[in-house]
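I opened this entry to keep track of what I looked up, one topic at a time. The sheet comes before the helix pairs, and the local details come last.

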Amino acid sequence: MSARLVVVEGLDGAGKNTLTTALVAELARRDLAVGRLAFPRYGTPYADLAADALHGGQAGTADSPHAMALLFAMDRHAALGELSALAGANDVVLLDRYVASNAAYTAARLGAGRAAEAVEWIGALEFDRLGLPVPDLQILLDTPVALAAERTGSREADDPDRTRDRYERDAALQADTSRAYRRLAEASWRSPWSVVGSEPDVGELADVVVGLSAT
């Protein structure tokens, strides 16, 4: 990767898209070229299979944490060429969700007794075996679980074509995932992390990104 790879992580409804949009604008204001990509990449095969499973399709695939993790991992692997092109054309590549999302949700689904195993497996699968680039910075948008849930519920109410998926409807899973994310950040899993609240200072985050050295 020739660009700085920065990831925004957080729960469903945490505000990742809003923060990513604001960061893109702030970095562009500082004359940096920014490439942007969101995972899952809905409209592509693996992401659409995952979405279908989380809405009750694929013959119970969503019942298996490992099967869902593999679908999300393969979606990112299929995007390697796109990631490489973005890195070659920009100073910063900003991702809305990445490998840590898979680690946090899988750990939460498998439970405390297998959380460390899940995190190790995801890291080995996506970074080591599938060759995904390691981020230079991971930003955890640590939005309160209740606020995130309120936002996902509002989006569903406002859009008749949108229904919350299995993960979004599961309040206990969202709470467990929030805790899993914090553990990843505290351990500086695979890269440096920055933990911010639900209303982060975009200028301060941009300062951190500007100061990074690209891998």
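**Sheet**

I began with the strand order and found five strands in an open sheet, arranged S2-S3-S1-S4-S5 with parallel pairing. I noted the edges next: strand S2 (34-38) and strand S5 (193-196) each pair on one side only. I then looked up the twist, which averages 20 degrees from one strand to the next. I keep in mind throughout that this is a predicted model.

Staying at the S2 edge, I looked at how S2 is joined to strand S3 (residues 92-96), and I found five bridges between these two strands, which run parallel. For the register I wrote down that arginine 36 stands opposite leucine 94 in S3.

**Helix pair H2 and H3**

I turned to the helices and asked at what angle the axes of H2 and H3 cross. The value is roughly 155 degrees, with the axes coming within 8 Å. Since angles over 145 degrees count as roughly antiparallel, I recorded H2 as roughly antiparallel to H3. The crossing of this pair is left-handed. I listed the residues that make the contact: Tyr46, Ala47, Leu49, Ala50, Ala53 and Leu54 on the H2 side, and Met68, Leu71, Phe72, Met74, Asp75 and Ala78 on the H3 side. Sorted by class, the contact of H2 with H3 has eleven nonpolar residues, no polar ones and one charged.

**Helix pair H3 and H6**

H3 also has an entry with H6, so I looked that up next, taking H3 as residues 65-78 and H6 as residues 115-129; their axes come within 10 Å and cross at roughly 30 degrees. The two helices are therefore roughly parallel to each other, and I noted their crossing as right-handed. From H3, the residues His66, Ala69, Leu70, Ala73 and Arg76 meet Trp121, Ile122, Leu125 and Glu126 of H6. By class I have six nonpolar residues, one polar and two charged in the contact of H3 with H6.

**Helix pair H5 and H9**

I went on to helix H5 (residues 99-110) and helix H9 (residues 171-186), whose axes come within 8 Å and cross at roughly 125 degrees. H5 and H9 are therefore oblique to each other, and the crossing is right-handed. On the H5 side I listed Ala100, Ser101, Ala103, Ala104, Tyr105, Ala107, Ala108 and Arg109, which meet Leu173, Gln174, Asp176, Thr177, Ala180, Tyr181 and Leu184 in H9. The contact of H5 with H9 holds ten nonpolar, three polar and two charged residues.

**Salt bridges**

How many salt bridges does the structure hold? I found eleven, and I followed one of them, between arginine 30 and aspartate 207, where the closest N and O atoms are 2.6 Å apart. This pair links distant parts of the chain, 177 residues apart, with arginine 30 in the loop between helix H1 (16-29) and S2, and aspartate 207 in helix H10 (residues 202-210). As a reminder to myself, side chains of opposite charge can pair when their charged atoms come close.

**Backbone details**

In the loop between H1 and S2 I also looked at aspartate 31, whose phi is near 65 degrees, a positive value in a residue other than glycine.

On the other side of S2, I checked the loop between S2 and helix H2 (45-54), which is the place of proline 40. A cis peptide bond joins phenylalanine 39 to proline 40, with omega at about -5 degrees. I set both entries apart because most residues other than glycine have a negative phi, and most peptide bonds are trans.

Note on methods. Residues are numbered from 1 along each chain as its sequence is written. This is a predicted model: local features need pLDDT of at least 70, side-chain atom pairs count only at pLDDT 80 or more; totals for chains, interfaces and linings use all residues. Side-chain values use heavy atoms; hydrogens and water are left out. Axes are lines fitted to C-alpha atoms, for helices over the stretch in contact, and angles run from 0 to 180 degrees between N-to-C directions. Helices (H or I, at least four residues) and strands (E, at least two) are DSSP runs, numbered from the N terminus. Angles under 35 degrees count as roughly parallel, over 145 as roughly antiparallel, 65 to 115 as roughly perpendicular and the rest as oblique. A crossing is left-handed if the near helix is turned anticlockwise from the far one by less than a right angle, and right-handed if clockwise. Contact means heavy atoms within 4.5 Å. Ala, Val, Leu, Ile, Met, Phe, Trp, Tyr, Cys and Pro count as nonpolar, Asp, Glu, Lys and Arg as charged, and the others, Gly among them, as polar. Two strands pair if DSSP finds at least two bridges between them. A salt bridge is a side-chain nitrogen of Lys or Arg within 4 Å of a carboxyl oxygen of Asp or Glu.
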